[in-house]
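Take a walk through this structure, from the overall fold down to single side chains. Keep the model open as you read.

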Amino acid sequence: QRDRMLDLTLFETRTYVGANLAVLLVALAMFGVFFFVSLYMQNILGYTAVQAGAAFLPMTLLIIVVAPIAGRISDRVGSRWLMVVGMLLVAGQLLLFSQLTAEAAFTDLLPALVLGGIGMAMTMTPSSAAAIRAVPVDKAGVGSAVLNACRQVGGSVGIALMGAIMAGAAAGQQTPEA
């Protein structure tokens, strides 16, 4: 008998499925934000490409700082509540970004960037830990690969979904207000 490339019994564990879903949703938000907010900064607010990239530094630095802390906390108290709070922070980030106008300043972007940086770090690291803890040791490689695939699918769907939302909201108009 040949071994299957993907053991579907991994998906019998609710923790594993939940962790993969959390990673997919946060990647959906993260890639969509990086892509469309950088376009917004450049095309609407007039930032250069370097300025737009530098504007993401607070978010990126918070991910770098908070992720190891979230991992240590996750090891002590579990991943569930960290993931819930992290996803709520990411949702708050998306809500704040949805309120931006064509006249926004960096100070208007900063609260959303801070929420997103903390939220993504609080979700990604604990969800990865939860997923790997939920699978048998001999399946850890496959479990990790599926988690990475969910992250990549989430990113691709995020860009496509946010693009469709923006196209629908602009309704064919090509003005900064649209």
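**From a surface residue to the core**

Val17 is partly exposed, with a relative accessible area of 35%. Val17 sits in helix 1. Together with Met5, Leu6, Leu8 and Phe11, Val17 makes a nonpolar surface patch of about 490 Å². Keep in mind that this is a predicted model.

Now step back to the whole chain. How many helices and strands does the chain have? There are six helices and zero strands. Read from the N terminus, the elements run α-α-α-α-α-α. Along the principal axes, the C-alpha atoms fill a box of roughly 60 × 35 × 25 Å. The chain has 178 residues, and 37% of them count as buried. About 10,100 Å² of the chain is exposed, and carbon and sulfur atoms supply 67% of that area. Now consider contacts with a separation of 6 or more: residues 24 or more positions apart account for 79% of them.

Return to helix 1, which covers residues 14-43. Two of its residues are worth a look. Ser38 is in helix 1. Ser38 has a relative accessible area of 16%, so it counts as buried, the limit being under 20%. Leaving aside neighbours within four places in sequence, Ser38 is in contact with Val33, Ala52 and Phe56. Met41 is also found in helix 1. Is Met41 buried or exposed? Met41 is buried, because its relative accessibility is 0%. Not counting residues up to four places away in sequence, Met41 touches Gly46, Tyr47, Ala52, Ala55, Phe56 and Leu109. Ala52 and Phe56 thus appear among the contacts of Met41 and among those of Ser38. Met41 also has a distant partner to check. Ala104 is 63 residues from Met41 in sequence, and their C-alpha atoms are 9.2 Å apart in space.

Helix 4 comes next. It spans residues 80-98, which makes 19 residues. At 1.5 Å a residue, helix 4 should span 27 Å, and its end C-alpha atoms are 27 Å apart, so the two values agree. Which residues of helix 4 are buried? They are Leu82, Met83, Gly86, Val90, Gln93 and Phe97. Seen down the axis of helix 4, these buried residues fall within an arc of 95 degrees, so they line one face of the helix. The general rule helps here. An α-helix has 3.6 residues a turn, so residues three or four places apart point the same way. On the other side of helix 4, Arg80, Trp81, Leu88 and Leu95 are exposed. What covers the buried residues of helix 4? The cover includes helix 1, helix 3 (57-77) and helix 5 (106-133).

Helix 5 also holds a buried glycine, Gly117. Gly117 counts as buried because its relative accessibility is 0%. Not counting residues up to four places away in sequence, Gly117 touches Met59, Leu62 and Ile63. For a sense of scale, look along the chain from Gly117 to Ser127. These two are 10 residues apart, and their C-alpha atoms are separated by 15 Å.

Finish with the charged pairs. A search of the whole structure finds two salt bridges. In one of them, the side chains of Asp7 and Lys139 meet at 3.4 Å, N to O. This pair links distant parts of the chain, 132 residues apart. Asp7 is in the segment before helix 1, and Lys139 is in the loop between helix 5 and helix 6 (140-170). Asp7 is buried, with a relative accessible area of 13%. Lys139 is partly exposed, at 26%.

Arg133 forms a salt bridge with Asp75, and the closest N and O atoms are 3.4 Å apart. Arg133 lies in helix 5 and Asp75 in helix 3, so the pair ties together parts that are 58 residues apart in sequence. Arg133 counts as partly exposed, at 45% relative accessibility. Asp75 is exposed, with a relative accessible area of 57%.

How values were computed
Residues numbered from 1 in each chain as written. Predicted model: local features only at pLDDT ≥ 70, side-chain atom pairs only at ≥ 80, totals over all residues. Heavy atoms only, no water. Helix = DSSP H or I, 4+ residues; strand = E, 2+ residues; numbered from the N terminus. Buried < 20%, exposed > 50% of the residue type's maximum accessible area, 1.4 Å probe, protein only. Contact = heavy atoms within 4.5 Å. Expected span 1.5 Å × (residues − 1). Arc of directions from axis to C-beta. Patch = residues over 30% accessible without salt bridge, like charges linked within 9 Å, V, L, I, M, F, W, Y side chains within 5 Å. Areas by Shrake-Rupley, 256 points an atom, 1.4 Å probe, with all protein chains shown as cover. Salt bridge = Lys/Arg side-chain N within 4 Å of Asp/Glu carboxyl O.
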